[in-house]
Amino acid sequence: MSCGPTGCGSGVTGIQSGFSGKGQAFIRLHPSDQVVVVTQPTPKGTKLIIDGATLEVRDDVPAGHKLATCEVPVDRPVFKYGWAIGLASRPIHPGEHVHTH
């Protein structure tokens, strides 16, 4: 999957969801999103198949929180719902928990 300044080009239309052995693991709300929302607590080391590629989760991610699916450089927008929801305050790597207050 390629990700650029306007989001990711996954080639998927509509909402994408992934399943694990425990049911639905994540939801991508828009095809250009660089994050998915995990639907259950997802421990570090979990492997998810997203856009046909295996992504290893780098942090424990609580249910309802965002997980990065691609690199997001510092000061670049993070996309969710197909819209920029903020700027990365540091580089974000695939599989990282994306959350700040």
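**Notebook: patch, strands and cores**

I began on the surface, where Y81, W83 and I85 make a nonpolar patch of about 400 Å². A patch here takes residues with over 30% relative accessible area and no salt bridge, with nonpolar side chains joined within 5 Å; a salt bridge is a side-chain nitrogen of Lys or Arg within 4 Å of a carboxyl oxygen of Asp or Glu. Areas come from the Shrake-Rupley method with a 1.4 Å probe.

I noted that this is a predicted model, with local features needing pLDDT of at least 70, side-chain atom pairs counting only at pLDDT 80 or more, and totals using all residues. Residues are numbered from 1 along each chain, and side-chain values use heavy atoms, without hydrogens and water.

Next I placed Y81: it sits in the loop between β9 (77–80) and β10 (83–87). I found 11 strands and zero helices in the protein (strands are DSSP E runs of at least two residues).

Then I went inside. Buried residues (under 20% relative accessible area) make up 39% of the 101 residues. The largest nonpolar core, a set of buried nonpolar residues joined through side-chain atoms within 4.5 Å, has 10 residues, including A25, F26, V36, I50 and L67. I saw that β4 (23–28), β5 (35–38) and β6 (47–50) each supply at least two residues of this core. Another core, of seven residues, lies apart from it, with A68, V72, V78 and I92 among them.

Last, I looked up V36. Leaving aside neighbours within four places in sequence, V36 is in contact (heavy atoms within 4.5 Å) with F26, I27, R28, I50, H65, K66, L67 and T69.

How values were computed. Buried < 20%, exposed > 50% of the residue type's maximum accessible area, 1.4 Å probe, protein only. Helix = DSSP H or I, 4+ residues; strand = E, 2+ residues; numbered from the N terminus. Patch = residues over 30% accessible without salt bridge, like charges linked within 9 Å, V, L, I, M, F, W, Y side chains within 5 Å.
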